[in-house]
Amino acid sequence: MTRTRPADPSTNRSKSTGGGGGTTVMRVIVPLQGVVQGRGGLVLGSLIPCALFYFLQLYLKRHRSNPNPPTPPPSPESESEQAGQLVELPVLPRSLSRALLSPRGAGGPVYVSGRANSVLKGGESPYDVGLRKVAEDPYDELGNQNGVIQLGLDENKLSLDLVGDWLVDNAKDAILGGDELGISGIVCYQPLDGLMELKVAVAGFMSQVMGKSVFFDPSQIVLTAGATPAIEILSFCLADSGNAFLVPAPYYPGLDRDVKWRTGVEIIPVPCRSADKFNLSITALDRAFNQAKKRGLKVRGIIISNPSNPVGSLYSRESLYNLLDFAREKNIHIISNEIFSGSMHGSEEFVSMAEIVESEDLDRNRVHIVYGLSKDLSLPGFRAGAIYSYNKNVLAAAKKLTRFSSISSPSQRLLISMLSDTKFIRKFIDTSRERLRAMYLKFVTGLNQLGIECTKSNGGFSCWADMSGLIRSYSEKGEFELWDRLLNVAKLNVTPGSSCHCIEPGWFRFCFTTLTEKDIPVVMERIRKISETCKSHS
Amino acid sequence: MASSASKNSLLLSKIATNEKHGENSPYFNGWKAYDQNPFHPTENPEGVIQMGLAENQLSFDLVEEWIRKNPKASFCTAEGVEKFRSVANFQDYHGFPEFRQAIATFMSKARGGRVTFDPDRVVMSGGATGANELVMFCLADPGDAFLIPSPYYPAYYRDLGWRTGVQIVPVDCDSSNNFKITKEAVEAAYEKAKNNNIKVKGLIITNPSNPLGTTLDKDTLESLVTFINQKNIHLVCDEIYAATVFSSPKYTCITQVIQDMDCNPNLIHIVYSLSKDMGFPGLRVGIVYSYNDDVVNIGRKMSSFGLVSSQTQHMLASMLSDEDFVEKFLATSSKRLAKRHRVFTKGLEEVGISYLKSNAGLFCWMDLRRLLKDQTLDGEMVLWRVIVNEVKLNVSPGSSFKCVEPGWFRVCFANMDDDTVEVALKRIRALVGQEKKAQEQAQVKSTKKRWQSNLRLSFSSSTRRFEQEGVSVKSPHMMSPHSPMPHTPFVRAIT
């Protein structure tokens, strides 16, 4: 199929080299480009006043050496990617098909959709670059000691062995479900919003991880292929294209894609500050709401993550009540993303939005909870997410929308057996929390010893570290430089605060649950080296 | 509470509150009828038989056998579990390389091995449903349109347009040429859309066709490729029934066609799935295979919204790379489909029901025009209600496939066992007998009407070869002693 590859895209990446010929000259010449290049055609040309032609001729006489203005300037040299130039500049994808157009074609490029184009042009974010670098050159204690260490992905490998052991003992019938169920219970069409048995099991699991104080009703659950589609489906259900959600920032880097990309919905970050320990203030929320209103944006809801990703902090009971009051006052929705609620490692108590809503009789309709097994059961590969909503209409719409993203049935069967084994689940949750706590303490202690402070965290797989002391200029640029050095010199993939829409420069997210204890000294040593060079410079 | 609920529903999006999910159509009402009263040979023999679901259950025994023989693949043994760690945590939207390789190989095998596929172009998605939507998200903006030859899959409207805002412009096909897609019809629909200021972004074809069960020949495919190339619009080929071809003519897929043509590959996209060919809808494996690098690149990023569980990927990677198994499965499946099709259509012939001659699919496109009281879509709905509520068969009326000609019905035959097929046929026989009586009465009332319907009937009979030869009811197998046919007014009319 080699023939189907389009022409070398590098020739099309016109990186607008600009600058070259002096800006005053450019300003004069730009209106005439059409004529000079023949693009505007004769009609346009004849409309241009003679005086301008005269000027042009004069100009051309004087600057004969200067070739035509910046039509295709695709110098491959400008592509030379130094290590520093990580974020690829936007590319112009449209010409790539031109070379292949058949002569009898109608001419003109192949247009993909605006959504596709926005991503093609947008290039990679630091978050994406980091993940790619790890994929290309992953650290391995024995095989690749100089490889990139993954601290940018919030997945949990600390307790996978427990799940593996369970499978050895129990999985025999978990897939085919014993003899009575058989193959057609697996491969045939199943309810697209998930098997009822799994909803029951997930509801039970949610109660268990969220402290048993809340009862979750399986009939209020819609299962989806991971939390990503769960969030997208809620965006589709609650907002129209052009509407907006308020989201306390810093927030998870993937949320932009999940909420905005295909739905056309906007996110308005609500800045939280280190002075408040990155807790959300209702004043900031109110300000953001009003600003949005002034811009003519219709705000349809608030999306919080509790425990917060990346900060790891929790919403107190009081702050949740305040949030609900705010939502009621503005008549908007609340989406509470609680996918880390089982991954607590601190001393504070987790309070689910469900608990708040259960205690109030009114206003349940505006509350929607996102849950998933990717984090708390450390099974992201299984793609099991859930929407828990009190709103019948949302549930009905979401059920229909799951046809685009439902969970594969063998995985549902396996999860039903696993979650129904309460003894195993209890042991798993306890062990997992213990290991998480140990790892968190070790990692944060390591950072503290290097003089790097973290915000107090109670849950999740990451810590939120203040490295503003190590950046050369207190700006996003300074943060970007440090991130670049961490990735390319120290070979650590961490997430810069700017990727999380943090307004204060110098904060970084370190995910520590993909590491083993042995890796911690290696990571700390690499950070130390970087911090020393930073200090020597300043 | 009630007032707060209604107030709250105002807060929901248009997508959540509009009717674009299309579930209030007869197609889905039939399903509801089935859900409320499903047939069971012993427990509910009077229940509704599901013939509205294109599900392939004829070769499950082979799959079951394979899973039992290969417990490792589904982590059911200690050895299998070793692989588990890497699998459980795997969430890369590219999919396992082994999985993509296995899919590429399978896609080739499902097309008779006449073409090959590049695993790097395989993009994962949540079922063909998700795959179709994903392609639309990549190719079109809200308000843009795709041409689709009708009759077409009822849920297209929802899958392609609900969340993306893409419109469907039908290209009407009818029985006058056996529902063939002609370049002229496509061109006309294109021009008409253009005149209405609708931006047409492409053409979607289903090959083999759902609901027709026919395949497109090479000439048609070539002319369509030329057409989209001239207009510089996309061609999306839904080939999810590729391996259900059970008799001649041989299947020609789009890959085969564009190999020998001078065309812009950036315009060609294939939608595939394991739901029909393997009968695995529960596994939710959908595939977009695009020859356009941008679509592959963007589509992968969109996969996150409908990823196939890694466990399922792992299991399928081993299952589909087992060449002996795949070959045996495909051969057996095709043989069984052919047999089932033969049994079913023979049953129809015995009661004088004609159908579109087909060589693929899990269904039959049944011609009940002569049973319609009115040759209108309303007439079709009247008959359909009788079939679902009284005859207790959930079949899908042509109108739900946007068929412009009333009286056609899609009947799925691969989602049941042999005994159920017999029950279904028995019920169809009863239907014909019952309708015959009603028709006779109607005939007494109006001879003019009869004349009209006679005309239509001879028109329809051209869709069947043996009728074209003018032997229609004289062919011996149609003259079954049990057949009520010779007595019906229609037969008299033909002869």
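Across the interface of domain 1 of chain B and domain 2 of chain B, the rule finds zero salt bridges, a salt bridge being a side-chain nitrogen of Lys or Arg within 4 Å of a carboxyl oxygen of Asp or Glu. This is a predicted model, in which local features need pLDDT of at least 70 and side-chain atom pairs count only at pLDDT 80 or more, while totals for chains, interfaces and linings use all residues. Residues are numbered from 1 along each chain as its sequence is written, and side-chain values use heavy atoms, with hydrogens and water left out.

Chain B is divided into domain 1 (26-59 + 328-434) and domain 2 (73-322), with bounds that come from an automatic or database domain assignment. The C-alpha centres of these two domains of chain B lie 26 Å apart, and the contact (heavy atoms within 4.5 Å) takes residues from each domain as tabulated here.

| Domain | Residues in the contact |
|---|---|
| Domain 1 of chain B | 30 residues |
| Domain 2 of chain B | 36 residues |

Domain 1 and domain 2 of chain B bury about 2,800 Å² between them, 64% of it on carbon and sulfur atoms; buried area is the accessible area (1.4 Å probe) that two parts lose on being put together, summed over both. On the side of domain 1 of chain B that touches domain 2 of chain B, the elements that give two or more residues include helix H3 (26-36) and helix H15 (323-350) of chain B, where helices are DSSP runs of H or I with at least four residues, numbered from the N terminus. H15(B) gives the most to that side, with seven residues.

How values were computed
Chains lettered and ligands numbered in written order.
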